[in-house]
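Biologist: I'm new to this one and would like some help reading it. Could you put it up on the screen and walk me through it?

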Amino acid sequence: MKKLLVLGGGTAGTMVVNKLHKKLDAKEWSITVVDKDNDHIYQPGLLLLPFGVYHPEELVKKRDHFLPSGVEYIRADIDRVNPELNQVLLMDGRVIAYDQLVIASGTTPRPDQTPGMDDPAVWRKSIFDFYTLPGSLALRDALKNFKGGRIVVHITEMPIKCPVAPLEFTFLADAYFTERKMREKVEFVYVTPLEGAFTKPVCSKHLGWMLDERHIKLEPDFVVEHIDPETRTLVSMDEREIPFDLLVTVPVNMGADFIARSGLGDDLNYVPVDKGNFLSKKYPNIFALGDASDIPASKAGSVAHFAIDLFAENFVEYVHGRPMTHNFDGHANCFIESGNGKGLLIDFNYTVEPLTGMFPLPIVGPFPLLKESRFNHMGKLAFRWIYWNLLLKGRWIPIPALMSMKGKKKVEEKEGVVANASH
Amino acid sequence: MPVIEVAGKQVNVNEEGFLTKYDEWNEEIAKVLAKQIDIELTDAHWKIIKFLREDFKTEGETATSRRVQTVGGVPVKDQFALFPKKPAKKMAYIAGLPKPKGCV
């Protein structure tokens, strides 16, 4: 009997177990999942929770509810992987041996990595994160009680989980205060370490106006050095200062600490893998899936979903000693909330940037790409049902794993346009 | 994509002027690119540029500011002093590598 051990029972871990449970012979393989708790959170909902769209109980279900029967579920903290011995050590002293290991332990916001951010005088009092349930709930109350002033939405460092979420948050907050008839009392500043809110050419051409139209100020190229909790000010590496009344920050995102303790991670605890098949660059029986790997794609559930469709096929080939024949292209597909019941949709991969057009079918769509539409907002809301009922359980969803150019408008090549990095 | 002449050599660049072919870069080109964005290259600049070139060869991605700090040994604050305002973008531009990635 061989053992497949999956570390993490989140979006990626749950999907991969459901796929492989069907594909692997139960007489040959046993599957075990380890996670520290039994709460599976619907993470896209955390963005909408502060605006009263959801109640917290709609966003949490039991992890083991989504695991097929016959799969062992161990609730424990992980101490480390010992890849030389093919063992995982748990904090409670237990040792689990494996034949194949899948690391799917995700990425986590780490406010402790920026001096002053998690200072108890300000953390979740005037500085908030929304990628955790307690953070999102605290922010909901802070927005409700906000009387006016400067709200700064801030990205600490890339990569972050669901990279468009801070922009969506800003659009939704703009709509929220407009609806409460107090928008003129609120100043918004969007602070990013990147050169702009949109960095891909087609996106910045089609969406660049979205911040101006909403009177949201942009502060690009801002790398925070520390936060002064007393004056409530963000201070950058080049000594720019941005004071705030309320800071909505996305802290540094890092992979799990056990990855660092195991010597398996890069400088942000992500596991270096082949970006086409997710096999560890160091060990032939370790894979990393979802946000836990270092692939240069968005850290998002849609990427994990497309990746795992291909991984499951590859894994069966691999354990039978055959070459892996499916190569992942970095496909991502995200609804972007833009406020007032509208949304945008983007579809892209490692090499093709988000383009305009219709999705998934040419002309009829129904979802327009890179354009505000009520359909896209409805798509986002419908996705919660799809997530709990189809996606996690590994059921069929009518979007192919590899990106398609159907219905998309290609960009015409421009000749002789040369700018330089000082712009 | 356009082809332009830099330091007497034809090179492929993207619409923002970043070199798109790793092997077309050389130190003379770096000096010209640096001058275009008002940077006079010193040993401290070269240390970073050489690190970025070597690192790209093994990793296939432009090193982040964090990586230049932890692996290359130059603190982010110093990167800002050497390449004012936009260190990640300017370092990549001079080193002939793709600029750091965003999402949309």
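Modeller: Let's take chain B from its N terminus: the order of elements is β-β-α-α-α-α-α. Keep in mind that this is a predicted model.

Biologist: How many helices and strands is that in chain B?

Modeller: Five helices and two strands. As for the overall build, chain B has a radius of gyration of 13 Å, close to the 13 Å that the globule rule gives for 104 residues, so chain B is as compact as a globular protein of that length. Its C-alpha trace spans about 35 × 30 × 25 Å along the principal axes.

Biologist: What share of the residues in chain B is buried?

Modeller: Buried residues account for 41% of the 104. You can also look at how far apart in sequence the touching residues are. Of the contacts in chain B between residues at least 6 apart in sequence, 42% join residues at least 24 apart.

Biologist: Now the two chains together. How many residues of chain B are in contact with chain A?

Modeller: In general, the size of an interface is often given as the accessible area lost when the parts come together. Here we have residue counts: 28 residues of chain B are in contact with 31 residues of chain A.

Biologist: Which helix of chain B gives the most to that side?

Modeller: That's H3(B), with four residues. Helices H3 (65-70), H4 (76-82) and H5 (87-95) of chain B each supply at least two. By type, the side of chain B that touches chain A has 12 nonpolar, five polar and 11 charged residues.

Biologist: Next, helix packing. How do I describe a pair of helices?

Modeller: Two packed helices are described by the angle between their axes and the distance between the axes. Try helix H1 (residues 11-23) and helix H8 (residues 301-319) of chain A: their axes come within 9 Å and cross at roughly 30 degrees.

Biologist: Why do H1(A) and H8(A) count as roughly parallel?

Modeller: Angles under 35 degrees count as roughly parallel, and the crossing here is at roughly 30 degrees, so H1(A) and H8(A) fall in that class. The crossing is right-handed. Residues making the contact include A:Met15, A:Val16 and A:Leu20 of H1(A), and A:Ile308, A:Phe311 and A:Phe315 of H8(A). The residues of this contact divide into 10 nonpolar, three polar and two charged.

Biologist: What about backbone oddities?

Modeller: Most residues other than glycine have a negative phi, and most peptide bonds are trans. Start with the peptide bonds: the one from A:Met158 to A:Pro159 is cis, with omega near 0 degrees. A:Pro159 sits in the loop between strand E12 (149-155) and helix H4 (165-179) of chain A. Another cis bond joins A:Phe359 and A:Pro360, with omega about -10 degrees, and A:Pro360 is in strand E23 of chain A.

Biologist: And phi? Where does A:His215 lie, and is A:His215 buried or exposed?

Modeller: A:His215 has a positive phi, near 55 degrees, and lies in the loop between helix H6 (209-213) and strand E14 (216-219) of chain A. A:His215 has 12 other C-beta atoms within 10 Å, so it is exposed, the cut-off being 12 or fewer.

Biologist: Which loop holds B:Ala7?

Modeller: The one between strand E1 (3-6) and strand E2 (9-12) of chain B. B:Ala7 has a positive phi of about 50 degrees although it is not a glycine. With 13 other C-beta atoms within 10 Å, B:Ala7 is partly exposed.

Notes
Residues are numbered from 1 along each chain as its sequence is written. Chains are lettered from A and ligands numbered from 1 in the order in which they are written. This is a predicted model: local features need pLDDT of at least 70, side-chain atom pairs count only at pLDDT 80 or more; totals for chains, interfaces and linings use all residues. The radius of gyration is taken over C-alpha atoms; the globule rule is 2.2 Å times the number of residues to the power 0.38. A residue is buried if 20 or more other C-beta atoms lie within 10 Å of its own, exposed if 12 or fewer, and partly exposed in between; C-beta atoms are placed from the backbone. Two residues are in contact if their C-beta atoms, placed from the backbone, lie within 7 Å. Axes are lines fitted to C-alpha atoms, for helices over the stretch in contact, and angles run from 0 to 180 degrees between N-to-C directions. Angles under 35 degrees count as roughly parallel, over 145 as roughly antiparallel, 65 to 115 as roughly perpendicular and the rest as oblique. A crossing is left-handed if the near helix is turned anticlockwise from the far one by less than a right angle, and right-handed if clockwise. Ala, Val, Leu, Ile, Met, Phe, Trp, Tyr, Cys and Pro count as nonpolar, Asp, Glu, Lys and Arg as charged, and the others, Gly among them, as polar.
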